[in-house]
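Visitor: I would like to learn how to read a structure model, one feature at a time. Please begin with the metal site.

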Amino acid sequence: MNNFEFYSPTCFVFGKDTENKTGEYVKKFGGTKVLIHYGGGSVVRSGLLDRVKASLDANSIAYIELGGAKPNPRSGLVYEGIELCRKEKVDFVLAVGGGSVIDSSKAIAAGTVYDGDFWDFYQGKRIEEALSVGTVLTIAAAGSEGSPDSVITKEEGMIKRGASGDAIRPKFSILNPALTQTLPPFQTAAGITDIMAHLYERYLTNTEEVEVTDRLIEGLLLTMVHEGPRVIEDPNNYEARANIMWAGSMAHNNMCGVGRSQDWNSHNIEHELSALYDCAHGAGLAVTMPAVFTYVMSHNVMRFAKVAVRVWGCQMDFEHPEVTAKAGIEAFRHFLSSIGMPGNFKELGAREEDIPKLVEMLCRGDGRDGTISGFVTLNEKDCTNIYKMMV
Ligand code: NZQ
Ligand code: ZN
């Protein structure tokens with residue numbers, strides 16, 4: 001196991017009706033003037049926004065609002081939010097929504113107190129300072145409610161990039177599983193896929209002897225395999241939603257990723273798909289992961305065989321471990337299809353003729369040197385082959 005430091009100070013407030021405590025928590029973390037940021041309107045329709053506002057009112061906290069964050073959130077609204085926060089002297093950004101709203105809120109929080117262009121952070125500059133951020137989560141997926149990351153798409157060229165820094169870790173996140181019951185089944189499934197991707201990205205490691213985090217990851221993956229179909233079958237199953245929601249936060253606050261190298265090639269390859277086609281990130285991952293795993297399997301067959309046996313219940317073939325490894329990837333592919341995720345470019349809405357463009361964006365965009373690195377280093381030819389496997 002590698003040396004590590006683990007700092008995860010987000011206060012998680014979990015359970016039924018917890019959104020009614022929002023005002024209390026904003027106050028606890030020093031907010032006096034809040035920007036409530038939300039998305040395309042689901043929180044208005046569900047009445048959640050009104051409940052959050054009532055809670056702020058009850059705690060005498062002033063607020064302004066900015067809606068309109070899109071899935072795969074855009075830079076344009078971030079600039080608008082920054083201007084608004086400066087003009088209105090906002091000191092706390094409250095995200096009410098999913099990963100896209102949270103990421104947009106984080107970008108606004110960092111950009112407001114920064115003299116330069118906020119996009120600098122999405123080109124590698126670490127975020128050291130930001131307004132405080134809090135969240136009321138409405139979808140179990142991205143894990144942004146406990147992560148130090150934000151992913152934004154720049155409209156010019158539709159470039160999707162991430163930024164990072166402990167300053168944007170939410171001070172608190174309110175997790176009421178009942179709020180996710182209004183999700184369309186496709187979004188629920190895309191969220192399940194993203195959570196599993198965050199676990200796999202950490203499982204694919206080159207670090208030896210990391211049994212404790214391997215076991216945590218396997219446990220969370222098993223939970224998703226059990227609870228995913230239950231919630232697809234019955235969207236109102238609160239207990240299944242609760243297990244998925246907490247798994248989503250644990251999958252990405254890095255408690256499962258410490259002390260080990262991680263992959264993230266699938267995410268990088270996917271981000272170009274959601275940037276170009278504006279598809280759901282989880283749906284893009286459903287198409288990407290089986291292809292990436294098959295392509296890189298030979299790098300460490302035993303790692304893939306291990307997850308195949310421990311999570312997917314495959315029989316270990318000691319003479320031919322690659323058979324076991326492959327069976328695990330196929331079981332995962334089958335699972336994704338069973339919850340309604342796309343399995344190829346066509347089902348995702350992607351086009352084979354765009355592959356050169358995707359590879360160019362992925363390997364050369366923003367000054368990259370022609371490769372991406374993770375579990376293995378992939379060059380332009382590798383990435384082309386992987387995208388072709390998804391067709
Ligand atoms: O915009 P509204 O109207 O709220 O509708 C949203 C949106 O259309 C809807 N929705 C959310 N909660 C709902 C609901 N509809 C009904 N009832 C509810 N309770 O669902 C749609 C998708 O929402 P979005 O926020 O985009 O989903 P998600 O949480 O999957 O976030 C995806 C974004 O997160 C980024 C992705 O790249 C993508 O841009 N990621 C962020 C990460 C991070 N910051 O740590 C890590 C992830 O790997 C990921 O890359
Ligand atoms: Zn993800």
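Guide: The donors of the zinc ion (ligand 2) follow the spacing D-x3-H-x68-H-x13-H along the chain. Donors here are N, O and S atoms within 2.8 Å of the metal (3.2 Å for Na, K and Ca), and water is not among the atoms, so sites may look incomplete. As for the source, this is a predicted model in which local features need pLDDT of at least 70 and side-chain atom pairs count only at pLDDT 80 or more, while totals for chains, interfaces and linings use all residues. Residues are numbered from 1 along each chain as its sequence is written, chains are lettered from A and ligands numbered from 1 in the order in which they are written, and side-chain values use heavy atoms, with hydrogens and water left out.

Visitor: Which residues coordinate the zinc ion (ligand 2)?

Guide: Asp194 does so through OD, and His198, His267 and His281 through NE2, at 2.0 to 2.2 Å. Of these, His267 belongs to helix H9 (residues 265-277) and His281 to helix H10 (residues 281-296), so the pair, 14 residues apart, links distant parts of the chain. Helices are DSSP runs (H or I, at least four residues), as are strands (E, at least two), and both are numbered from the N terminus.

Visitor: Are His267 and His281 buried or exposed?

Guide: Both His267 and His281 are buried. The scale is relative accessible area: buried is under 20%, exposed is over 50%, and partly exposed is in between (1.4 Å probe, protein chains only).

Visitor: What domains does the protein chain have?

Guide: Domain bounds come from an automatic or database domain assignment. For this chain the assignment gives domain 1 (11-179) and domain 2 (185-389). Their centres, taken over C-alpha atoms, are separated by 26 Å.

Visitor: How is the interface between two domains described?

Guide: The size of an interface is often given as the accessible area lost when the parts come together. Buried area is that loss for two parts (1.4 Å probe), summed over both. Domain 1 and domain 2 bury about 2,200 Å² between them, with 57% of it on carbon and sulfur atoms. On the side of domain 1, Lys160, Arg161 and Pro177 lose the most area to domain 2, together 24% of what that side buries. Counted by contact (heavy atoms within 4.5 Å), 30 residues of domain 1 meet 26 residues of domain 2.

Visitor: How many salt bridges are there between domain 1 and domain 2?

Guide: Side chains of opposite charge can pair when their charged atoms come close. A salt bridge is a side-chain nitrogen of Lys or Arg within 4 Å of a carboxyl oxygen of Asp or Glu. Between domain 1 and domain 2 the count is two. The whole structure has 18 salt bridges.

Visitor: Where does the salt bridge between Lys306 and Asp214 lie?

Guide: Lys306 is in helix H11 (residues 301-310) and Asp214 in helix H7, so this pair ties together parts that are 92 residues apart in sequence. The closest N and O atoms of Lys306 and Asp214 are 2.7 Å apart. Lys306 is partly exposed at 21% relative accessibility, whereas Asp214 is buried at 0%.

Visitor: What separates Arg215 and Glu211 in helix H7?

Guide: Arg215 and Glu211 are separated by about one helical turn, because they are four residues apart in helix H7 (residues 211-233). Their salt bridge has its closest N and O atoms 3.2 Å apart. Arg215 is partly exposed at 46%, and Glu211 is partly exposed at 35%.

In the same helix, Glu227 and Arg230 are three residues apart, again about one helical turn. These two also form a salt bridge, at 2.7 Å between the closest N and O atoms. Glu227 is buried at 6%, while Arg230 is partly exposed at 34%. Salt bridges that share partners join Glu211, Asp214, Arg215, Glu218, Arg260, Arg303, Lys306 and Arg310 into one network.

Visitor: Which residues does Ile355 touch?

Guide: Leaving out residues up to four places away in sequence, Ile355 touches Phe345, Thr384, Tyr387, Lys388 and Val391. Ile355 lies in helix H14 (residues 355-364) and is buried, with a relative accessible area of 4%. Ile355 and Lys388 are 33 residues apart in sequence and 7.6 Å apart in space, C-alpha to C-alpha.
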